[in-house]
Amino acid sequence: MDLQSEAEEEVMIRPGERIDDLQRNNYRIIQDPGRFCFGMDAVLLSGFARAGKGDVVLDLGTGTGIIPILMEAKTGAAHLTGLEIQQGSADMAKRSVRLNHLEDKIDIVTGDIKEAVSLFGAASFDVVTCNPPYMTENHGLTNPEAPKAIARHELLCTLEDVISQSAKLLRPGGNFYMVHRPFRLADIIVLLRQYRLEPKRMKLVHPFADKEPNMVLIEANRGGRARMTVEKPLIVYKSQGVYTDEIYDIYGY
């Protein structure tokens with residue numbers, strides 16, 4: 001029996017779940033399509049975020065742990081923690097950490113973003129990342145308690161909750177990274193400055209070169225000086241169904 005088969009035998013895979021290959025370090029992740037699967041936004045954030053050797057990283061609303069696992073593969077971070085309020089997603093994340101034998105590098109904590117400072121303590125991290133719920137409108141939700149609804153809509157936390165907690169969690173000089181939607185950009189920048197996280201770097205993501213952006217990646221620094229670099233746009237597809245070279249590089253293909 002090979003090591004991959006042994007690892008799968010050691011980690012329980014529940015009905016409805018599957019194991020996906022992450023194309024990095026032979027890492028894999030457990031997901032349940034009936035609940036929620038990570039998207040390109042999480043992968044792009046893991047490629048945009050920077051963590052130096054020895055940095056301690058926290059991912060808020062980690063879902064099934066995709067961002068800590070990818071950042072462990074891509075950066076020199078000393079330790080990563082994922083915080084997730086949904087028990088089912090946190091359980092999958094913990095099992096994915098075990099599946100990849102990363103128990104010494106990644107912790108998954110079940111808890112509420114709004115209570116993150118109480119859980120971890122102020123100024124505890126060098127880097128905080130977040131792929132938060134994007135949608136403010138809650139109308140039309142037939143089941144607000146469904147995992148997909150919680151992941152996509154601001155039902156259990158708001159943009160201000162994410163930014164205010166991140167500002168307190170970061171050490172002076174620490175960096176905050178987030179992926180969001182461009183229609184929230186004014187709110188994002190106002191809130192970052194309100195909580196003394198200075199926007200430093202921004203990249204807009206376009207599905208095609210001739211289409212308007214549908215994602216924004218942003219970096220802010222706790223206590224930084226006022227100066228932001230707007231990087232060249234990231235184009236996802238060069239033709240229908242064909243990624244650009246930059247996307248292939250981020251995914252590790």
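The protein chain in this predicted model exposes about 12,100 Å² of surface, and carbon and sulfur atoms supply 48% of that area. Looking inward, 49% of the 253 residues of the protein chain count as buried. The secondary structure adds up to nine helices and 13 strands. As for how the chain meets itself, take the contacts with a separation of 6 or more: residues 24 or more positions apart account for 69% of them.

A good place to start inside is the largest nonpolar core, which has 38 residues. Leu44 and Ile247 are the residues with the most contacts inside this core. Helices and strands both feed into it: H2, H3, helix H4 (87-99) and helix H9 (245-251) each give two or more residues, and so do strand E5 (106-110), strand E7 (170-180) and strand E9 (215-222). Leu44 itself touches Val205, Met215, Leu217, Leu234, Ile247 and Ile250, leaving out residues up to four places away in sequence. Apart from this core lies another one, of 27 residues, with Leu83, Ala116, Leu169 and Ile188 among them.

Two of the helices that contribute to the 38-residue core also pack against each other. Helix H2 (residues 40-48) and helix H3 (residues 66-74) meet at an angle of about 35°, with their axes 9 Å apart, and their crossing is right-handed. On the H2 side, the contact is made by Ala42, Val43, Leu45, Ser46 and Gly47, while H3 brings Ile66, Ile67, Leu70, Met71 and Lys74. Sorted by type, the residues of this contact come to seven nonpolar, two polar and one charged. H3 is mostly covered, with eight of its nine residues buried. The buried stretch takes in Ile66, Ile67, Pro68, Ile69, Leu70, Met71, Glu72 and Ala73.

Another helix pair is made up of helix H7 (residues 159-169) and helix H8 (residues 185-194), whose axes come within 9 Å and cross at roughly 30°. Here, too, the crossing is right-handed. From H7, Leu159, Glu160 and Ile163 meet Asp187, Ile188, Leu191, Leu192 and Gln194 of H8. This contact divides into five nonpolar residues, one polar and two charged. Ile188, on the H8 side of the contact, is also one of the residues of the 27-residue core.

Two single residues help to fill in the picture. Ser89 sits in helix H4, and it counts as buried because its relative accessibility is 8%, under the 20% cut-off. Setting aside residues up to four places away in sequence, Ser89 touches Arg35, Gly63, Thr64 and Glu84.

Leu119, found in helix H5 (residues 116-120), has a relative accessibility of 42%, so it counts as partly exposed. Once neighbours within four places in sequence are left aside, Leu119 is in contact with Leu83, Gly111 and Asp112. Leu83 is 36 residues away from Leu119 along the chain, and the C-alpha atoms of the two are separated by 9.8 Å. Leu83 also belongs to the 27-residue core, and Ala116, another member of that core, falls within the residues 116-120 that form H5.

Note on methods
Residues are numbered from 1 along each chain as its sequence is written. This is a predicted model: local features need pLDDT of at least 70, side-chain atom pairs count only at pLDDT 80 or more; totals for chains, interfaces and linings use all residues. Side-chain values use heavy atoms; hydrogens and water are left out. Helices (H or I, at least four residues) and strands (E, at least two) are DSSP runs, numbered from the N terminus. Buried means under 20% relative accessible area, exposed over 50%, partly exposed in between (1.4 Å probe, protein chains only). Contact means heavy atoms within 4.5 Å. Accessible areas come from the Shrake-Rupley method with a 1.4 Å probe; for residues, only the protein chains shown count as cover. Axes are lines fitted to C-alpha atoms, for helices over the stretch in contact, and angles run from 0 to 180 degrees between N-to-C directions. A crossing is left-handed if the near helix is turned anticlockwise from the far one by less than a right angle, and right-handed if clockwise. Ala, Val, Leu, Ile, Met, Phe, Trp, Tyr, Cys and Pro count as nonpolar, Asp, Glu, Lys and Arg as charged, and the others, Gly among them, as polar. A nonpolar core is a set of buried Ala, Val, Leu, Ile, Met, Phe, Trp, Tyr and Cys residues joined through side-chain atoms within 4.5 Å.
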